[in-house]
Amino acid sequence: MADDQPCTTGDGAHSIGVCYGRVANDLPSDEQVVNLFQTNGIYKMRIYDPNEPTLQALKASDIELMVGVPNENLQALSDLSAAKDWVQRFILPYSSDVKFRYIVVGNEIKYNDLSAQYVLPAMQNMYDAIKAANLQGQIGVSTSIEPSLLGSSYPPSSGSFSTNASPYIVPIVQFLMKTGEPLLANIYPYFAYVSDPDDIKLEYALFTSPGPVVSDGQFKYQNLFHALLDALYAALEKAGALSLKVVVSETGWPSAGGNAATVENAHTYYQNVIDQVKSGTPRRPGEAIETYLFAMFDENQKGPAETERHFGLFSPSMQSKYQITFN
């Protein structure tokens, strides 16, 4: 399929973004990537570090940007002056031309990681640095988590942070409640499915179950994506964050390299998640879920699992792998 035909979008699809990872040696130029986003009507991008050629290419593009602080930089940014320097170098020079949406302070940090102790101080300092640069209210500061912080997730209403994870994540949640920014979460039904294929049906993971699979009080679940997200919402409610929003900062399905990793399944997953996030979850209905698909390209230097190299919506030659409709 030609790279000028793969994806279409409408004005109602702006809750959908795509992650632009660069763990590869065969990707197109940043200018070509930005053009590919624009050509396909993708108006939100996540990058994992403040790569300056990408920031240059994004100038005047009208693409909203989620930019990451790499995990290895968190300790340094627990110093306020370092956070101010980071903002002065990577944000301020571009802020009039690039539509920064979020700064993501750490990705998938676990409570027992050595860098866990630096996440909240780095978030606080980044928030203060943004304020010092007179950019408060324009750029949010958050962090991106993954579901292992939950001690319970089934049924979704039992969702709660584990005893070990709570001292790490609850203060972060409290900080986000204070600043009014969402928590970011990477949600992958694929990994939940392949870890327990005897108990989780493929149709439930792909949004293709003909009817409800899980009944949880007043809530009925026809897909695993909603169940995983509502388990997180339930955990946040138990932590006192009843109104905190969640942005799905990554979700995807591989097209090769492992169990159920096929082009057909990946196509089904991506199209269905685009369609489903428009209307919220059973626990939080009626509001579109800002969601970032992982990822823009297959990345040939990812691993160790073979599936990690096959999450792209596009090949590095900018050929679309799927006919996806974003509207």
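Where does Asn51 lie? Hello everyone, let's start there. Asn51 is found in the loop between β3 and α2. Before I go on, please keep in mind that this is a predicted model.

Is Asn51 buried or exposed? Its relative accessible area is 16%, so Asn51 counts as buried. If you set aside the neighbours within four places in sequence, Asn51 is in contact with Arg22 and Asp30. For a sense of distance, take Ser144, which is 93 residues away from Asn51 along the chain. The C-alpha atoms of that pair are separated by 19 Å.

Asp30 takes us to helix α1, which covers residues 30-39. Asp30 is one of the buried residues of this helix, together with Val33, Val34, Leu36 and Phe37. How do the buried residues fall when you look down the axis of α1? They stay within an arc of 155°, so they line one face of the helix. What do they pack against? The partners are β2 (16-19), β3 (44-47) and α2 (52-58).

There is also Gln32, which belongs to helix α1 too. Gln32 has a relative accessible area of 37%, so it is partly exposed. If you want a long-range pair to look at on the screen, try Gln32 and Asn300. They are 268 residues apart in sequence, and 18 Å apart in space from C-alpha to C-alpha. And just after α1 comes Gly41, with a positive phi near 65°.

Now for the part I enjoyed putting together, the pair α4 and α5. In general, two packed helices are described by the angle between their axes and the distance between the axes. Here, helix α4 (residues 116-132) and helix α5 (residues 166-179) pack at an angle of about 10°, and their axes are 9 Å apart. The two helices are therefore roughly parallel to each other.

Which residues make that contact? From α4 we have Ala116, Val119, Leu120, Met123, Gln124 and Tyr127. From α5 come Tyr168, Pro171, Ile172, Phe175, Leu176 and Thr179. How many of the contact residues are nonpolar, polar and charged? The split is 10 nonpolar, two polar and no charged.

Let's take these helices one at a time. α4 has 17 residues and reaches 25 Å from its first C-alpha to its last, which is close to the 24 Å expected at 1.5 Å a residue. Its buried residues are Ala116, Tyr118, Val119, Leu120, Ala122, Met123, Asn125, Met126, Ala129 and Ile130. They pack against β4 (64-69), α3 (80-90), β5 (99-107) and β6, as well as α5. What follows α4 is Asn134, and its phi is positive, near 60°.

On to α5. This helix has 14 residues and spans 20 Å from its first C-alpha to its last, close to the 20 Å expected at 1.5 Å a residue. Its buried residues include Tyr168, Ile169, Val170 and Ile172, and also Val173, Phe175, Leu176 and Thr179. What covers them? The cover includes α4, β6 (140-145), β8 (160-161), β9 (183-186) and α8 (224-238). After α5 comes Gly180, with a positive phi near 80°.

That brings me to backbone geometry. Most residues other than glycine have a negative phi, and most peptide bonds are trans. With that in mind, here are two alanines to look at.

Ala60 has a positive phi of about 60°, although it is not a glycine. You will find Ala60 in the loop between α2 and β4. Is Ala60 buried or exposed? Its relative accessibility is 71%, so Ala60 counts as exposed.

Ala260 also has a positive phi, of about 65°, and is not a glycine. Ala260 sits in the loop between β12 (246-251) and α9 (263-276). Its relative accessible area is 13%, so Ala260 is buried.

Finally, the cis peptide bonds. The bond from Phe294 to Ala295 is cis, with omega near 10°. Where is Ala295 found? It is in the loop between β13 (291-293) and β14 (324-325). The peptide bond from Gly303 to Pro304 is cis as well, with omega near 5°. Pro304 is likewise found in the loop between β13 and β14.

That's my tour, and thank you all for listening!

Terms used
Residues numbered from 1 in each chain as written. Predicted model: local features only at pLDDT ≥ 70, side-chain atom pairs only at ≥ 80, totals over all residues. Heavy atoms only, no water. Axes fitted to C-alpha atoms, helices over the stretch in contact; angles between N-to-C directions. Helix = DSSP H or I, 4+ residues; strand = E, 2+ residues; numbered from the N terminus. Parallel < 35°, antiparallel > 145°, perpendicular 65-115°, else oblique. Contact = heavy atoms within 4.5 Å. Nonpolar A, V, L, I, M, F, W, Y, C, P; charged D, E, K, R; others polar. Buried < 20%, exposed > 50% of the residue type's maximum accessible area, 1.4 Å probe, protein only. Arc of directions from axis to C-beta. Expected span 1.5 Å × (residues − 1).
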